[in-house]
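Trainee: Please choose one part of this structure and take me through it closely, as I have not seen the structure before. I should like to understand how that part is placed and what surrounds it.

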Amino acid sequence: MNDHESAAALRKEAAEVFHRLAGDTAAAPWEALDATAPALADTVAFGLAEVVGRPGLDLRTRQLVTVAVLAALGGCEGQLGFHVGGALRNGATAEEVSETLSQVALYAGVPRAINAMAVARSAVEEFHDR
């Protein structure tokens, strides 16, 4: 397999994971990045295919971990909302998202957890309105 074939296979795997998170109608993030930031596009695709898509944890668990990390980092509201939706699409409940953010409060701070809860609340409402 040459580099082009490897990149195409990676993008295909990444697309499969992405659609499990976002649903079938969403455009993969690397599509918007390819023209202006191809290295970032490749990084996103690699992360989805080779890390998020690994078999060691189910996608529901990986998404709850991602929600916790993004909440702890702060300033990642767009990504946080996306990954709350991804967690819900893959079997997590709104209560589990809330419990995840309660854990964040203990280890990363109450203000970050409160901010994340506002994003999560909107993402849960949007998910249930579909």
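Mentor: Glutamate 96 counts as partly exposed, because its relative accessible area is 26%, between the 20% limit for buried and the 50% limit for exposed. The model in which this value was computed is a predicted one. The side chain of glutamate 96 forms a salt bridge with that of arginine 60, with a distance of 2.7 Å from N to O. This pair joins distant parts of the chain, since glutamate 96 belongs to helix H6 and arginine 60 to helix H4, 36 residues apart. Arginine 60 is likewise partly exposed, at a relative accessible area of 24%.

Let us therefore take helix H6 as the part to examine. It covers residues 94–108, and for these 15 residues a rise of 1.5 Å a residue leads one to expect a span of 21 Å. The C-alpha atoms at the two ends of H6 are 20 Å apart, so the model agrees with the expectation. Within H6, the buried residues are Val97, Thr100, Leu101 and Val104. Viewed down the helix axis, the buried residues of H6 occupy an arc of 95°, which means that they line one face of the helix. Glu95 and Leu106, on the other side of H6, are exposed.

What do the buried residues of H6 pack against? Their partners are helix H4 (59–73), helix H5 (77–89) and helix H7 (110–129). H4 thus appears both in this packing and in the salt bridge between arginine 60 and glutamate 96. Just past the end of H6, glycine 109 adopts a positive phi of about 120°.

Helix H7 can be examined in the manner used for H6. Its 20 residues should span 28 Å at 1.5 Å a residue, and its end C-alpha atoms are 28 Å apart, so expectation and model agree. The buried residues of H7 are Ala113, Ala116, Val119, Ala120, Ala123 and Val124. They fall within an arc of 145° when seen down the axis, and therefore line one face of H7. The face turned away from that buried side bears Pro111, Ile114 and Asp129, which are exposed. Among the elements that cover the buried residues of H7 are H4, H5 and H6.

H4 deserves a word of its own, as a packing partner of H6. Glutamine 63 lies in H4 and is buried, because its relative accessible area is 1%, under the limit of 20%. Apart from neighbours within four places in sequence, glutamine 63 is in contact with Leu21, His83, Gly86 and Ala87. Threonine 66 also has its place in H4, but at 23% relative accessibility this residue counts as partly exposed. Between threonine 66 and leucine 33, which are 33 residues apart in sequence, the C-alpha distance is 21 Å.

H4 and H5 also take part in the largest pocket: together with H1 and H3, they are the elements that give two or more residues to its lining. This pocket encloses about 400 Å³. Its lining consists of 14 residues, and those nearest the centre are Pro29, Val44, Gln79, Phe82 and His83. His83 is thus one of the lining residues and also a contact of glutamine 63. H3 contributes the most to the lining, with five residues.

The salt bridge of H6 may finally be set beside others. The whole structure contains four salt bridges. In one of them, the side chains of aspartate 34 and arginine 11 meet at 3.0 Å, N to O. Aspartate 34 is in the loop between helix H2 (29–33) and helix H3 (38–52), while arginine 11 is in helix H1 (residues 3–22), so this pair ties together parts 23 residues apart in sequence. Arginine 11 also forms a salt bridge with aspartate 42, at 2.8 Å from N to O. Here too distant parts of the chain are linked, with aspartate 42 in H3 and arginine 11 in H1, 31 residues apart. Arg11, Asp34 and Asp42 accordingly belong to one network of salt bridges. Both acidic partners are partly exposed: aspartate 34 has a relative accessible area of 33%, and aspartate 42 has a relative accessibility of 42%.

Notes:
Residues are numbered from 1 along each chain as its sequence is written. This is a predicted model: local features need pLDDT of at least 70, side-chain atom pairs count only at pLDDT 80 or more; totals for chains, interfaces and linings use all residues. Side-chain values use heavy atoms; hydrogens and water are left out. Helices (H or I, at least four residues) and strands (E, at least two) are DSSP runs, numbered from the N terminus. The expected span of a helix is 1.5 Å times one less than its number of residues. Buried means under 20% relative accessible area, exposed over 50%, partly exposed in between (1.4 Å probe, protein chains only). The arc is that of the directions from the helix axis to the C-beta atoms. Contact means heavy atoms within 4.5 Å. On a 1 Å grid over the protein atoms alone, a cavity is a set of points where a 1.4 Å probe fits but cannot get out, and a pocket is an open set with protein on both sides within 12 Å along at least five of seven lines; lining residues have an atom within 4 Å of a point. Grid points are joined across faces, edges and corners, and a volume is the space filled by probe spheres set on the points.
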